[in-house]
Amino acid sequence: MNDLLELLMPPPERDMPPGRLELRRDSLLQWVEADVRAGRHRTGRFALLRGLRVWLLTAALVLLLLVGVAVGASRASGASTNSRAVVEASVVAAAAPAVASLFVVSANPRPVVPIRVVAARALG
Amino acid sequence: MTLTATGRHGNSEARADMDRLVTASDQQLWQEALAGSSAAFGVIFERHAKAVYNFCFRRTGSWSLAEDLTSEVFLLAWRRRRDVVFTAERSSVLPWLYGVALNLVRNRRRSERRATAAFARLDAKEAEADFSDDLVGRLADERRMRDVLAVFDRLAAHEQEVLALCAWAELSYEDCALALGVPVGTVRSRLARARAHLAELVAGSGHERNGESVLGTCG
């Protein structure tokens, strides 16, 4: 194997040209620091959205539970058509937070930027 | 006086912190980088940039392209920082970085095949004037590497990758498996196939087994 690989022996290793390593490192670190700062910002915003989503879902579940109890009670007591309409309206009102929470779930706060675009911006 | 003392104290603290980073393992540095320390990531870059730079050169045959790819490897490594895999023995991140480099080189080749315009850009880059002292040596390196890659490119892509990692980057089978994301047995079998194909290529070319004859314009 070794004698075969000797045929494909590459040139010896070299350093980057003078000053290039430092330049590349500084550009990279600038980008990393900017990414860390942006990441913290994104994380904070994402936590806020997540909190809102949980709150809306909880509210929706509680309301649906209450409406379910109300519907069951009205059927058991043989309530009038008018009172049933009121109950149905309550169901719609209870469903609203659940629908809103779906929009919050679908909101993705992380920007999707291709690596080549990021690299071009960072390295000029 | 107090300010000077505080400044000196601050400087010595910074120096001690830098000394600690320089002696830390890759895994420790990576943990610090994950916690938001760009200095730790900078130390990782300084530690492995040369190896990645030379590996990229050996896969592309162009020093300027290798320099760009080195930056891209570390940018991509940062973006995928939570997917990192360290070697079991020395907690080194280098084999994983080689894996990232291989993917970048592979993607670049694919896009080059698709768009001939990319060739024009690369040629323009290679033609950029560079009056550094070692320019002549670097040009000779690129000529030699092109000859080597002309033989190398006749192997299957996965055989080239395993040879580049085991022979040129001198990784162990285990580290090579880590870089490629395949089992160690697969590395062994690919290496065996690569060796057989290489022997066929050498025999088929009808040349003697010495660098001058097989690689033609080498040296």
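Two residues are in contact if their C-beta atoms, placed from the backbone, lie within 7 Å. The exercises below use a predicted model.

**Exercise 1. Describe the make-up of chain A and say what share of its contacts with a separation of 6 or more joins residues 24 or more positions apart.**

Solution.
- Start with the elements. Chain A has four helices and zero strands. Along the sequence the pattern reads α-α-α-α.
- Turn to burial. Chain A holds 124 residues, and 7% of them count as buried.
- Now take the contacts with a separation of 6 or more. In chain A, 79% of these link residues 24 or more positions apart.

**Exercise 2. Find which element of chain A has the lowest mean pLDDT and which has the highest.**

Solution.
- Begin with the whole chain. The mean pLDDT of chain A is 72, and 57% of the residues score at least 70.
- Go element by element. Helix α4 (residues 115-123) of chain A has the lowest mean, 58. Helix α2 (residues 20-77) of chain A has the highest, 79.
- Check residues 107-112 of chain A. Here the pLDDT is below 50. Beyond near neighbours in sequence, this stretch makes six contacts in the model.

**Exercise 3. Give the same outline for chain B: elements, burial and contacts.**

Solution.
- Count the elements. Chain B has eleven helices and zero strands.
- Look at burial. Of the 219 residues in chain B, 34% count as buried.
- Consider contacts with a separation of 6 or more. In chain B, 60% of them join residues 24 or more positions apart.

**Exercise 4. Identify the residues that touch the most other members of the largest nonpolar core, and trace the contacts of Ala101(B).**

Solution.
- The largest nonpolar core has 56 residues. Val73(B), Leu97(B) and Ala101(B) touch the most other members.
- Ask which element gives the largest share. Helix α3 (residues 38-60) of chain B does, with eleven residues.
- Set aside neighbours of Ala101(B) within four places in sequence. Its contacts are then Val52(B), Phe55(B), Cys56(B), Leu69(B) and Val73(B).
- Add the general background. In soluble globular proteins, nonpolar side chains tend to be buried together.

**Exercise 5. Work out how α3(B) packs against helix α4 (residues 63-79) of chain B.**

Solution.
- Take the geometry. The axes of α3(B) and α4(B) lie 8 Å apart, at an angle of about 135°.
- Classify the angle. Angles from 115 to 145 degrees fall in the oblique class, so α3(B) and α4(B) are oblique to each other.
- Add the handedness. The crossing of α3(B) and α4(B) is right-handed.
- List the contact. Residues on the α3(B) side include Phe41(B), Phe45(B), Ala49(B) and Val52(B). Those on the α4(B) side include Trp63(B), Leu69(B), Val73(B) and Trp78(B).

**Exercise 6. Describe the packing of helix α2 (residues 26-34) of chain B on α3(B).**

Solution.
- The axes of α2(B) and α3(B) come within 7 Å and cross at roughly 145°.
- This crossing is left-handed.
- From α2(B), the contact uses Asp26(B), Leu29(B), Trp30(B), Glu32(B) and Ala33(B). From α3(B), it uses Ala40(B), Phe41(B), Val43(B) and Ile44(B).

**Exercise 7. Explain why helix α9 (residues 173-180) of chain B is described as largely enclosed.**

Solution.
- Count the buried residues. Six of the eight in α9(B) are buried, so this helix is largely enclosed by the rest of the structure.
- Name them. They are Asp175(B), Cys176(B), Ala177(B), Leu178(B), Ala179(B) and Leu180(B).
- Step past the end of the helix. Just after α9(B), Gly181(B) takes a positive phi of about 70°.

**Exercise 8. Examine the positive phi values of Ser91(B) and Glu170(B), then place Ser92(B).**

Solution.
- Recall the background. Most residues other than glycine have a negative phi.
- Take Ser91(B). Its phi is near 55°, a positive value. Ser91(B) sits in the loop between α4 and α5 of chain B. It has 14 C-beta neighbours inside 10 Å, so it counts as partly exposed.
- Take Glu170(B). Its phi is also positive, near 55°. Glu170(B) lies in the loop between α8 (157-168) and α9 of chain B. With 10 other C-beta atoms within 10 Å, Glu170(B) is exposed.
- Finish with Ser92(B), in the loop between α4 and α5 (94-114) of chain B. Ser92(B) has 19 other C-beta atoms within 10 Å and is partly exposed. The cut-off for buried is 20 or more.
- Ser92(B) and Gln27(B) are 65 residues apart in sequence, yet 7.0 Å apart in space, C-alpha to C-alpha. Beyond neighbours within four places, Ser92(B) contacts Asp26(B), Phe86(B) and Thr87(B).

Terms used. Residues numbered from 1 in each chain as written. Chains lettered and ligands numbered in written order. Predicted model: local features only at pLDDT ≥ 70, side-chain atom pairs only at ≥ 80, totals over all residues. Core = buried A, V, L, I, M, F, W, Y, C linked by C-beta atoms within 7 Å. Buried ≥ 20, exposed ≤ 12 C-beta atoms within 10 Å, placed from the backbone. Helix = DSSP H or I, 4+ residues; strand = E, 2+ residues; numbered from the N terminus. pLDDT = per-residue confidence, 0-100. Axes fitted to C-alpha atoms, helices over the stretch in contact; angles between N-to-C directions. Parallel < 35°, antiparallel > 145°, perpendicular 65-115°, else oblique. Left-handed = near helix turned anticlockwise from the far one by under 90°.
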